[in-house]
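Okay, thanks for coming, everyone. Let me put the sequence and the structure up on the screen, and then I'll walk you through them.

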Amino acid sequence: MTVLRTHDLTLGYEGKPVVRDLDLHVEAGEIVALLGANGAGKTTTLLGLSGLVEVLGGRIELDGADLAGVGPHQIARRGLAHVPEDRALFTDLTVRENLQLGQHSRRADVAPALALCPELEPLLGRRAGLLSGGEQQMLAVARAVVGGPRVLLVDEMSLGLAPLVVTRLLAVLREVAATTGCGIVLVEQHVQQALAIADRGYVLRRGRVALEGAAAELRRSAALLAESYLGDDATEAAAQAATGGAP
């Protein structure tokens, strides 16, 4: 079942396009990696899907419903959750209070989120600002999951975190997709790690899709990935740099 789809989507700022003619879809329980060099339009895409960037053309559909004219808060209540790059936690509130802010209805429960992220349970009474970077990122993901989203957008989850922490967080995302049926769009600079847990991927270059396909196929196509990033013939060294050093 398709939970998120865009048709010829163009997004921008003050009427100037940044992302153009974007066609993507996300199925229930699927992780889609959104890749590309800095400035390719990845974060703009997530902000546009959340209603935080102007739609200049095309359509966004959530569970088949057109989101034209729907504000960010209404989009969130319809089932689209966004974990931004800065995590957007309330650092003066406790872990428990941050999780409770993810409850969009009285029926929402923090227990499933804690089951996915048991590391947070002994920290429930601690202020979010006192957590480590990895704990804060896990809290940001758990808070988004509390509301039972249909689609989860995650922007640069690994930023500034140790590799072991990143591995654990990526495993949490895979479990979220598998156990809840939530579709996930993951923006990530660590290409190989993202594709290791993703089902499919899109590579953006200058605001347009330059490459798309099954994650397993993209992982095996290091040179093609690098060419999509760089926009010209890629050397073996460039391919390895674009894919995290993989041969």
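Let's start with Thr44, which lies in helix 1, residues 42-49. Helices here are DSSP runs of H or I with at least four residues, strands are runs of E with at least two, and both are numbered from the N terminus. Thr44 is buried, with a relative accessible area of 9%. By buried I mean under 20% relative accessible area, exposed is over 50%, and partly exposed is in between, using a 1.4 Å probe and protein chains only. Setting aside its neighbours within four places in sequence, Thr44 is in contact with Leu11, Tyr13, Val18, Val19 and Val53, where contact means heavy atoms within 4.5 Å.

Quick housekeeping. This is a predicted model, so local features need pLDDT of at least 70 and side-chain atom pairs count only at pLDDT 80 or more, while totals for chains, interfaces and linings use all residues. Residues are numbered from 1 along each chain as its sequence is written, and side-chain values use heavy atoms, with hydrogens and water left out.

Now the sheet. It's an open one of six strands, in the order 6-7-8-3-9-10, with mixed pairing. Two strands pair if DSSP finds at least two bridges between them. Which strands stand at the edges? Those are strand 6 (80-83) and strand 10 (208-214); each has a single partner strand, so one side of each is left without a neighbour in the sheet. From one strand to the next, the twist averages 15 degrees. Angles run from 0 to 180 degrees between N-to-C directions, with axes as lines fitted to C-alpha atoms, for helices over the stretch in contact.

Strand 7 (residues 151-155) and strand 8 (residues 183-187) pair in the parallel sense over five bridges, and Val154 has Leu186 in strand 8 as its bridge partner. Helix 5 (residues 133-146) lies across strand 6 and strand 7, at about 170 degrees to strand 6.

Over to strand 9, residues 200-205. Five of its six residues are buried, so strand 9 is largely enclosed by the rest of the structure. Strand 9 pairs with strand 3 in the parallel sense over five bridges, and with strand 10 in the antiparallel sense over six. Look at Gly201: it is the bridge partner of Ala33, and it also stands opposite Gly213 in strand 10. Strand 9 and strand 10 form a hairpin with two residues between them, and Arg206 in the turn has a positive phi of about 50 degrees.

Next, helix 6, residues 163-180. Which of its residues are buried? They are Val166, Leu169, Leu170, Val172, Leu173, Val176 and Ala177. They cover an arc of only 150 degrees around the axis, which puts them on the same side of helix 6; the arc is taken from the directions from the helix axis to the C-beta atoms. The face turned away from that buried side carries the exposed residues Leu164, Ala178 and Thr179. Just after helix 6, Gly181 takes a positive phi of about 75 degrees.

Last, the cysteines. How many disulfides does the structure hold? Zero, counting a disulfide as a pair of cysteine sulfur atoms within 2.5 Å. The sulfur of Cys182 is 13 Å from the closest cysteine sulfur, in Cys117, too far for a bond. Cys117 is buried at 2% relative accessibility, and Cys182 is buried at 1%.
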